Amino acid sequence: MKNFKIYKILVLSALISLSGCQRLEQLQDNPNNPTQISPQYLLTSIETDAFNNISLGSARASRQLVYVGGIDSDQYYNWTRGSFDDYLKIKNLTKMEEEADRMDAPVYKSLAKFLKAYYFIRLSETFGDVPYAEASNPEIKQPKYDDQKAIYLSVLNNLKAVNEELKTSQDAIAGDVIYNGDKLRWRKLVNSFTLRVLMDLSKKESDPDLNIKGRFAEIVNNPAQYPIFESNEDSAYLRFDNVVGNRYPHFNNNDMNLVIYLEQSFVSKLKTLKDPRLFSFGEPMANSAGANPSDKFSYYDGIYGSGDAGANSQKAAAGLASKINSRYYKDPVNEPGMMMGYSEIEFILAEGALRKWYNGSVDDHYKKAITASMKFYKISDASIAEYLAQPSVQLVSADPLLQIMTQKHISFFMNSGWRAFFEQRRTGLPLFNTDGGGALNGGKIPKRWMYPDSERQYNTLNLNAAITKQYSEGDNINATMWLLK
């Protein structure tokens, strides 16, 4: 793993700065952008964004953390418009492709193709239909919106091509702070990510155009042709350093110290399962008067995510809830930023086996997934074995998907961006509370974000056509995109 102590300099010199939500026209032509730059420097800069995927907003929306400093829109499901900022990254990837052509280094084009797929999927799962085919063309100032199905199908085909390109490539990869130029590990990421995309499409299992079961089985049953993650060492993450500009993104975050607490239903779940990850996630309550000295779990409690903000603040002030573990704001290195981890791929394999998408052991992959997650949080082997032996952790026939998704939800604590929310949105599991006195949005969990205001101003006709085609209720956070139908 390479150090990335120069990445901020590279970001400033190689990429266009962006603040707020900008329209695509502004993202497509900037005279201050460097005319030529080696693709390896662009790769370093892009990686440090794509793999630094730690979201407090997701943790609050996914009932893992609670903010007690006021009304938080993520926590209370009161969000409105999302951002098209990812199109800046796509523009920079197009630049990396151009520089790869100039320097006759096609391996960077393959990596750009994968990273574009990552960003386009992230945009699409946020909004629904988005500009895709025309989005990378700087000559098109008002790109048309593509169908979500067409985007997913194109991405799946591109990912398959990337795996083959990397397999046959003889090029060296410089500037790679994730895998240090190891193309086999990149292929494992590409194919693992493909399985994530296929699982995202689980509601479209019967669509013959997508051929989800066939694509899934083709990858899982052919590890030589389609390698996937095999251990935590394969995980796609960005390590941090105790160097200015390279530290854990929430290091010295005062809010983390003062107003960020564990969510009550999340803590209750961990306590019921006697899950040692609780001690890695949070701190004991400041007021432990009611705790049982013989039960270390009794020193922990949380704050109800949808609860009344005033009552939540009072509970926090009384010391009756657990703050997030201090390492998240005191440790300058802490955990790496995660794009996708080995634990996730094992959960995907467990669910795929449960859905009969291939012939595999649900239980085996389920336990491997839990083990990988616990090792990520530095839980001892003895504690892992004790945990897995509990009857409450064993898969039961009554509702194995609930158990898989519950454990998957736990594994996403402070990593993998918005995956915890998107997985619950896809399956409805585990349940997220909306019955508290502070719940907004009519007690409903949103299904998407509204399109950026800049698109309403500068790409009006194409945006309106996309909204009309998809959502009878208009551009609404509770509207159901194609992916979820």
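In this predicted model, 76% of the protein's contacts with a separation of 6 or more are between residues 24 or more positions apart. The fold is built from 21 helices and 6 strands. As for overall dimensions, the C-alpha atoms fit in a box of roughly 65 × 50 × 50 Å along the principal axes. The radius of gyration comes out at 22 Å, which agrees with the value near 23 Å for a compact globule of 485 residues. Of those 485 residues, 58% are buried. What is left on the outside adds up to about 19,100 Å² of exposed area, with carbon and sulfur atoms supplying 49% of it.

On to the charges. The protein carries 56 positive and 56 negative charges, and their mean positions sit 2 Å apart. Side chains of opposite charge can pair when their charged atoms come close. The count here is 34 salt bridges.

Helix H5, spanning residues 86-102, holds a couple of these pairs. Asp86 bridges to Lys89, with the closest N and O atoms 3.4 Å apart. These two residues are 3 positions apart in the helix, so about one helical turn separates them. Asp86 has 9% relative accessibility and so counts as buried; Lys89, at 18%, is still under the 20% cut-off and therefore counts as buried too. Further along helix H5, Arg102 pairs with Glu99, the closest N and O atoms being 2.6 Å apart. Here again the partners are 3 residues apart, about one turn of the helix. Their surroundings are not alike, though: Arg102 is partly exposed at 41% relative accessibility, whereas Glu99 is buried at 3%.

Another pair to look at is Glu335 and Arg327, whose side chains meet in a salt bridge with an N to O distance of 2.6 Å. Both of these residues are buried. Beyond such pairs, there is also a network of salt bridges that links Glu125, Asp200, Glu351, Arg355, Lys408, Arg419, Glu423 and Arg426.

One member of that network, Glu125, also turns up in the surroundings of Gln148. Gln148 lies in helix H7, which covers residues 148-168. With a relative accessible area of 1%, Gln148 counts as buried. Setting aside neighbours within four places in sequence, Gln148 touches Ser124, Glu125, Gly128 and Asp129, and its contacts also include Met481, Trp482 and Leu483.

Key
Residues numbered from 1 in each chain as written. Predicted model: local features only at pLDDT ≥ 70, side-chain atom pairs only at ≥ 80, totals over all residues. Heavy atoms only, no water. Helix = DSSP H or I, 4+ residues; strand = E, 2+ residues; numbered from the N terminus. Buried < 20%, exposed > 50% of the residue type's maximum accessible area, 1.4 Å probe, protein only. Contact = heavy atoms within 4.5 Å. Rg over C-alpha atoms; globule rule 2.2 N^0.38 Å. Areas by Shrake-Rupley, 256 points an atom, 1.4 Å probe, with all protein chains shown as cover. Lys, Arg positive; Asp, Glu negative; His and termini not counted. Charge placed at Lys NZ, Arg CZ, Asp CG, Glu CD. Salt bridge = Lys/Arg side-chain N within 4 Å of Asp/Glu carboxyl O.
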